[in-house]
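Reader: Hello! I have just opened this one and would like a friendly tour of its empty spaces and one of its helix contacts. Could you take my questions in turn?

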Amino acid sequence: MTNDIPKDYDHKKETHWQNKWQNDNTYKFIGDGTKPNYIIDTPPPYPTGATHMGHVLNWTYIDIIARFKRMQDYDVLFPQGWDCHGLPTEVKVEETHNIKKGDVRRDKFREMCVELTSQNIKQMKAQMLSLGFSQDWSREFVTMTPEYMKRTQLSFLKMHEEGLIYRGIHPVNWCPRCETAIAFAEVEYHENETNLNYLEFPAENGENSVLIATTRPELLSACVAVVVHPEDERYKDLAGKHIKIPLFNRSVEIITDTEVDPEFGTGAVMICTFGDKTDVIWVNKYDLDIIEAIDEQGIMQEVSGKYAGLDIKECKEKIIADLKNEGYLKKQENIEQNVGLCWRCKTPIEILVKNQWFVAVKELIDDIKEVSDEIKWTPQYMETRLLNWTGSMDWDWCISRQRIFATPVPVWYCSECGKVNIATIDMLPVDPTQDKPEDSCECGNNEFIGETDVLDTWMDSSISPLSITGWPDDEFKNYYPTALRPQGHDILRTWAFYTILRCKALTGKRPFDEIVVNGMVFGEDGHKMSKSRGNVISTEAILEDYGADALRLWAANSVPGSDVPFAWKDVKYGYKFIRKFWNAFRFINMHIEGFKTSMSEEEILKNLNPMDKWILSKLNRIVDDITDSIESYNFANAVNKIQTFIWHDFCDEYIEAVKYRLYGDSPELKKSKEAAQYTLQTVILTSLKLLAPLTPHFTDEIYQYMDDADISIHKTSWPEFKGELVDDETEYIGEIGVELIGELRRFKSSKGMSLNTPLKTVNIYTSNSNLVGKIEFLVSDIKGTMRVTDLNLMSGKPDIKEKVVEIIPQMAKIGPEFKGDAPKIVKYLQSGNMDDIVATLDKEGEILVEGCKLTWSHIEAKKEVVGKTGEKVEVIHADNLDVIIEIIV
């Protein structure tokens with residue numbers, strides 16, 4: 001312990017602690033079983049090269065939990081992974097090198113993607129370290145490495161063997177911009193205003209035409225039927241008949257289905273292949289033809305006739321114009337429409353029929369529900385969201401992608417018989433575009449066509465709990481399932497859903513015991529932070545001006561599930577709080593440096609003053625409260641409770657109340673002084689440990705001055721709750737002391753007196769006999785803190801009265817009114833009995849002086865309050881106590 005403490009806390013020293021923690025392996029997971037394991041299934045972010053405020057929020061939650069569990073003597077595995085594969089990297093590579101993916105060899109293009117991703121990971125890792133996150137970087141996993149791809153491909157093989165992965169020709173969600181299939185979970189729905197077009201479909205025999213309302217006239221060439229409700233009176237005679245498609249002059253049958261909404265549009269619906277999910281259902285239900293009108297790039301195909309070669313938007317415009325010109329378009333109405341967009345590039349998706357690889361999600365729905373019930377959800381309603389999503393699954397999970405930078409699908413196709421040949425385990429990891437099967441096909445052929453499709457990136461990240469626990473090696477069973485999955489609600493239907501599905505399928509068990517779901521970060525404009533809105537806050541700017549701990553306090557002042565608005569004022573408040581505590585510690589350290597009590601702890605506890613007992617009781621309540629808050633992920637409560645306790649109870653009240661004992665050297669104050677030093681030391685050390693998960697740099701910086709051992713505070717134990725020190729009566733007495741000292745402090749401030757100015761006498765009056773007994777315990781603290789020479793407790797109310805001490809003639813009134821008599825009036829007022837003059841004025845309202853009538857308008861009387869001794873007193877009526885305080889300065 002040393003007194004050589006800088007005057008100001010320097011947040012730039014945070015880098016010192018970050019480097020020391022890494023050099024000392026402070027956060028290394030041991031895994032030898034000497035401590036209970038606590039394994040966190042950490043989110044692997046997409047390596048864009050920049051951490052954003054959403055990362056700060058999510059990882060602050062994780063880091064608080066990890067640090068807390070370490071101090072509770074758990075062996076914590078807090079790994080960091082990187083979910084590397086995906087379209088955004090491919091697009092960035094194309095932009096950077098001014099190429100298209102097909103312009104270079106697949107392996108060369110992949111090398112470019114790996115190089116960019118590696119650079120981005122390096123940048124993001126540095127940013128994470130600068131925020132004080134306590135990952136064990138020796139356990140880092142990267143999904144683009146051969147080791148990880150081997151696990152992903154192995155999971156494919158095992159699920160394929162169980163019949164849970166299959167290849168088939170099915171309608172899939174397709175992004176024309178990305179030129180790839182995407183999963184149902186990757187479709188985002190946005191409200192969009194469009195036209196509902198009322199088109200006349202002529203009857204085949206030229207008689208009864210049908211008016212049909214559609215938002216997608218560009219799909220007329222792919223129309224395969226018209227459907228109406230069987231009980232719709234308007235169309236009861238048309239079922240089974242045929243009508244012609246306008247512009248294309250092709251006949252389609254009118255069929256009936258109870259799923260038709262007669263109230264929408266005209267009640268007659270065009271079935272196209274495919275306009276939406278309902279079209280898919282009807283086509284399968286009634287075994288209708290499939291006409292492919294749109295290709296993979298979103299271009300109209302030959303079946304569209306003269307519109308072939310146009311993109312979807314151009315085709316729509318021209319068809320509407322032609323329908324109008326030829327009289328088929330009867331009217332248009334504006335309508336709000338839910339449009340499905342690709343979650344990566346926001347392009348409207350199409351439904352195309354493709355030969356793809358799928359996970360049989362529908363076979364696993366019951367398993368997902370069973371596992372979800374075994375997991376503890378925070379907040380609980382997030383489970384309802386997941387189960388609602390699970391219940392809405394109409395399609396299996398399409399896992400193949402028509403890209404390059406991803407884990408290859410480990411299969412080949414026989415060039416002769418077309419049979420699918422799956423890689424063997426000993427071949428993994430494998431790239432079918434580069435490698436060949438070891439054995440011949442069953443038909444004897446040795447020529448194979450390697451699969452060029454790659455796996456959905458969620459196939460990588462959804463086995464993160466397996467990867468970090470060492471699957472498929474047997475030892476993984478010692479660590480699996482993991483303890484915690486922290487993640488955002490934006491990937492609930494992807495990462496959470498797919499992880500539960502896949503881990504259950506591969507292990508038969510849940511992937512984690514608990515899941516904590518955080519919200520999104522909103523800008524100060526009330527919208528979710530995004531570059532397009534221009535409301536993104538740079539983490540670097542905050543770290544430069546305020547440091548990581550102040551930013552962490554902002555992030556921690558929230559609860560899982562709720563979206564969090566960013567506010568500079570919250571960061572600044574955290575910054576001020578840290579400096580408040582630093583200044584308090586500098587003062588305290590002067591008095592506890594090298595402190596060793598001469599008494600046993602049992603003896604010193606017997607010598608505690610009421611204010612010592614008060615702060616220790618509140619401290620232990622805080623220990624209990626914050627422990628419970630972090631364990632239940634109520635981080636906001638933990639932050640608010642510890643900040644209020646340190647700033648107000650400890651710094652503003654307790655420290656001020658014990659200063660007189662710290663500076664006192666008299667023999668009679670020795671035990672009291674030691675009690676104060678013991679209490680200060682206890683509160684400081686305990687508060688630092690409570691703060692350690694929240695502000696790791698600041699707490700380690702202070703802790704180095706308090707412990708001779710070269711050890712991080714993060715290697716120490718979490719504070720123990722000492723229930724025997726918690727007492728309601730003790731706290732009530734302490735609050736009385738806080739209130740009385742506060743009243744005297746405010747009195748001195750109102751009179752412009754320094755806090756060290758002595759007060760001659762303070763008399764405290766109350767009619768509450770129970771209160772007298774409480775205040776008696778506090779006499780020495782009140783006297784010492786407020787420099788009171790004589791303090792007395794009195795029953796009842798003070799015997800006080802007003803005394804006139806000066807009468808001031810109002811010459812501006814007396815002179816003009818009484819002219820030559822003015823001097824006589826002034827002399828009388830200054831020499832007469834002031835009390836009699838005032839009494840007469842109060843009673844009569846006037847007084848005669850040398851024949852001149854005076855009223856209150858002619859004089860001003862100055863009064864003061866005097867006590868029973870005749871001395872001037874000040875009287876305070878306490879706001880929150882049944883007491884009156886009489887002060888003689």
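Reader: Which helices and strands each supply at least two residues of the lining of the second largest pocket?
Author: Happy to help, and please keep in mind that this is a predicted model. Two helices are on the list, α6 (277–286) and α7 (312–325). The strands that each supply at least two residues of this lining are β7 (187–201), β8 (210–214), β12 (268–272), β13 (329–342) and β14 (350–359).

Reader: Which element gives the most to that lining?
Author: The second largest pocket has a volume of about 1400 Å³, and 48 residues line it. Closest to its centre are T215, R216, G275, D276 and Q337. The element that gives the most to the lining, with 7 residues, is β7.

Reader: How many residues of that lining are nonpolar, polar and charged?
Author: The lining of the second largest pocket holds residues of each class. Charged residues number 13 and polar ones 16. The nonpolar count is 19.

Reader: What about enclosed space: which residues are the closest to the centre of the largest cavity?
Author: The structure holds 3 cavities of 30 Å³ or more, and about 200 Å³ of space lies in the largest cavity. Its lining has 19 residues, divided into 9 nonpolar, 4 polar and 6 charged. Elements giving two or more residues to this lining are α3 (87–97), β6 (180–182) and β21 (454–455). The residues closest to the centre are G86, L87, E186, R344 and R401.

Reader: Which residues line the second largest cavity, and how many of them are nonpolar?
Author: This cavity has a volume of about 80 Å³. The residues lining it are L219, T273, F274, I290, I291, E292, A293, I294, E350, I351, L352 and V353. By class, 1 is polar and 2 are charged, while the nonpolar ones number 9.

Reader: Now for the helix contact: are α2 and α14 roughly parallel or roughly perpendicular?
Author: Helix α2 (residues 53–71) packs with helix α14 (residues 548–556), their axes 9 Å apart. The angle of the packing is about 90 degrees. Angles of 65 to 115 degrees count as roughly perpendicular, so α2 and α14 are roughly perpendicular.

Reader: Which residues of α14 meet α2?
Author: On the α2 side, the contact is made by M53, V56, L57, T60, Y61, D63, I64 and R67. Taken together, the residues of this contact divide into 9 nonpolar, 1 polar and 3 charged. From α14, the residues are L551, R552, W554, A555 and A556.

How values were computed:
Residues numbered from 1 in each chain as written. Predicted model: local features only at pLDDT ≥ 70, side-chain atom pairs only at ≥ 80, totals over all residues. Heavy atoms only, no water. 1 Å grid on protein atoms, 1.4 Å probe; cavity = no way out; pocket = protein on both sides within 12 Å on 5 of 7 lines; lining within 4 Å. Points joined across faces, edges and corners; volume = space filled by probe spheres on them. Helix = DSSP H or I, 4+ residues; strand = E, 2+ residues; numbered from the N terminus. Nonpolar A, V, L, I, M, F, W, Y, C, P; charged D, E, K, R; others polar. Axes fitted to C-alpha atoms, helices over the stretch in contact; angles between N-to-C directions. Parallel < 35°, antiparallel > 145°, perpendicular 65-115°, else oblique. Contact = heavy atoms within 4.5 Å.
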